[in-house]
Structures are given as C-alpha cells and as structure tokens.
Amino acid sequence: MDAGAAAMAELLTAFPNRAAWPTADAYAGTRAETALGEALKGTRREGLELFTKVYFPTGEGKNDRVLSRKHIMESINGSLRRLRTDYVDLYQAHRSDYETPLEETMQAFADIVRAGKAHYIGVSEWTLDEIRRGAKLAQELGIHLVSNQPQYNMLWRVIEPKIVPVSQELGLSQIVWSPIAQGVLSGKYLQGQGGPVASRFTTGDGGAKTEHRYMQEEVLERVQELKPLAEEAGLSMAAFAVAWVLQNQNVSSALVGASRPEQLRDNVTAAGVRLDPALLSRVDAVLGDLVERDPAKVESFPERV
C-alpha cells in the first residue's frame, strides 16, 4: 500500500461511520482514485458513499478530457476500475463543457445510470443557466440530478443570491468545497508572518503566498477577529467555519481537506451544531465588505481546459 492509500486507510479506521468519500479521476493524475480504492479494499460497499467526477484531463490525448460522450463513457470505466467497485453513488460533471452539446453530456450520464454504474448525477461549479438546463434534461431522461458542488465559505458566498434559491426550487443540494477557505479560516495564517510548513499558502522558504485574495493582510486580520466567536460556540476556528456553511439549509455536506485524522476529528465536531442567528450576524459584521457575493463569479470556465 502506497503512502496515499495508507493515509486514507488511517482515516477510514479512525472514522468508520463517516462513509462519504469524494474524489475525481483527474486528482493526482488518477492516483487519488487508485489510492482510495486500495484503502477501501475489504470495506462493506453498501456502507459507503463514493463520489467521483469527470471533466479535467486524465491524459494527453484530445479525448482524455471534458464532457464528450466518448470521454464520459471511458472515464466512468476507468474510475470504477481504480476504485475497485461496480458503481459510484454520485457521478459529477467537474465543470461545464462549452463545446459539447449539453444534450450529449446528459444522455451519456443517463446511460451510465441505466447501466448501474452510478446511482445519481451531480455537477460542480455550473452557472445558474447550466443548472436549469441540466436539471430539465435530466428530468426528461428520467434520471436524478441531485447536487451542485461549488466553493462556499464565510468569505466566498457567490452561490447565495441565485444558485441556492434555484437549487431549492429544482430539488438540488450543495456539496460545498473549501468551507475553511483553503485553511485561511482556521486562523493558522497570521498577518505579516509565514504559515505552517508545507501548508497551501506557505512558500518553500517559509514565507506567505500573499497573492491570493484570501491571504491579503486585511482578510487575515479580520479572520483573527472571528476567534472569540468560535470560542463562544465551543468550536475551533476550523470547525466553526465548517459549522457556518452547514447552517445554510441547501448545503447537504461540506468537503474538508483533512490530511490527518486529528484534523478530521476536529472538523466533524461541526456536524449537527446549530449556531445562534445573532452569532451569524456578528460574523457578517466582522467580515463586512471582504465577503465576495457577486453571482457572476461562479467558477465556471469560459472555455475548455
């Protein structure tokens, strides 16, 4: 078992009842799926929920990417082989493909569901119009488009004005990524200082990568002001950030990027926590105009990747 599979196996052992495991074919050049499949070997399949995604390149060929029927049909077979399973519970379009007709994409997904290779279909970072069209086609094809996977956290709320209301109308929920703003909302990055070794926004020489919007000095300063609010809720700052996204009734799950069991132990303390509305208002007051709410900034690409 390689290091990646060993780390996943450790997390599985530590959290046997936390049974939803999301991945994607393109992560680590397909190695993430392989590692997860190795880690899950011997685990009761019916007790797991496996999610994977298709869109980003998995090779150098012209057909090794995006949402054509050819790539989708070949990708699901590759994902199932690497995951060592006959089906995934949720198969997601990792982004929207602006060149392949949506009808072709959704028909391929429908055929995968009918073949028993996936139970449900989801999307990630689709625009409002794409979600509406995709949901309509799914209904016509007799399959269930059940979820959207957008970025969402205290600092990035672009789904709130339009995506969330329409998703509620159509019966979709949000499976959100980056609930801790890629680690920034954990409070581990301090203004004027480098971050922890090997963390996302720390340079090789220990400095901070300050070009990202989350790493601006005013953002880091305001994030530290959230610490008393997290303490009032009885949570770490990271768990407080996860609990915050789960207060949105259209959010069914938050994807946390834990690399160690102790991080996951902390993150899962957010499950089931109800935050006082007054506390949520104080979060808004602290972050103020640093919050991005523009619905036009949904991370959908204007051209193929």
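**Close-ups of a predicted model**

**View 1. Lys53, a lysine tucked away.** With a relative accessibility of just 1%, Lys53 counts as buried, because anything under 20% falls in that class. This is a predicted model, so keep that in mind for every view here. Lys53 belongs to strand 2, which covers residues 49–54. A polar atom of the Lys53 side chain lies 3.0 Å from the backbone oxygen of Thr23. Leaving out residues up to four places away in sequence, Lys53 touches Thr23, Ala24, Asp25, Tyr27, Tyr91, Gln92, His94 and Gln149. Take Gln92 from that set: Lys53 and Gln92 are 39 residues apart in sequence, yet their C-alpha atoms are 4.5 Å apart.

**View 2. Tyr91 meets Phe109 edge-to-face.** How many aromatic pairs does a search of the whole structure find? It turns up three. One of them, Tyr91 with Phe109, is edge-to-face, at 5.8 Å centre to centre and with 85° between the planes. This pair links distant parts of the chain, since Tyr91 sits in strand 3 (residues 88–93) and Phe109 in helix 4 (residues 102–114), 18 residues apart. Are these two rings buried or exposed? Tyr91 comes out at 0% relative accessibility, so it counts as buried; Phe109, also at 0%, is buried too.

**View 3. Tyr152 and Trp244, a tilted pair.** Here the ring centres of Tyr152 and Trp244 are 5.3 Å apart and the planes make 40°, so the pair is tilted. Tyr152 comes from the loop between strand 5 (145–148) and helix 6 (163–170), while Trp244 is in helix 9 (residues 237–246), so the contact ties together parts that are 92 residues apart in sequence. Both Tyr152 and Trp244 are buried.

**View 4. Arg45 over a tyrosine ring.** What sits over the ring of Tyr87? The charged end of Arg45 does, 4.0 Å from the ring centre.

**View 5. Inside the largest nonpolar core.** In soluble globular proteins, nonpolar side chains tend to be buried together. In this model, the largest nonpolar core has 82 residues. Helix 9 gives the largest share of this core, nine residues. The residues with the most contacts inside the core are Tyr91, Phe109, Met154, Val184, Leu185, Leu226 and Phe240, so both partners of the edge-to-face pair show up again. For a look around one of these residues, try Val184: setting aside neighbours within four places in sequence, Val184 is in contact with Tyr189, Phe201, Tyr214, Met215, Leu220 and Val223.

Definitions and conventions:
Residues are numbered from 1 along each chain as its sequence is written. This is a predicted model: local features need pLDDT of at least 70, side-chain atom pairs count only at pLDDT 80 or more; totals for chains, interfaces and linings use all residues. Side-chain values use heavy atoms; hydrogens and water are left out. Helices (H or I, at least four residues) and strands (E, at least two) are DSSP runs, numbered from the N terminus. Buried means under 20% relative accessible area, exposed over 50%, partly exposed in between (1.4 Å probe, protein chains only). Contact means heavy atoms within 4.5 Å. A polar contact is a pair of N or O atoms within 3.5 Å; within protein, one must be able to donate a hydrogen and the other to accept it, and residues adjacent in sequence count only if both atoms are side-chain atoms. Rings of Phe, Tyr and Trp (its six-membered ring) pair if their centres lie within 6.5 Å; planes under 30 degrees apart count as stacked, over 60 as edge-to-face and the rest as tilted. A charge sits over a ring if NZ of Lys or CZ of Arg is within 6 Å of the ring centre and within 35 degrees of the ring normal. A nonpolar core is a set of buried Ala, Val, Leu, Ile, Met, Phe, Trp, Tyr and Cys residues joined through side-chain atoms within 4.5 Å.
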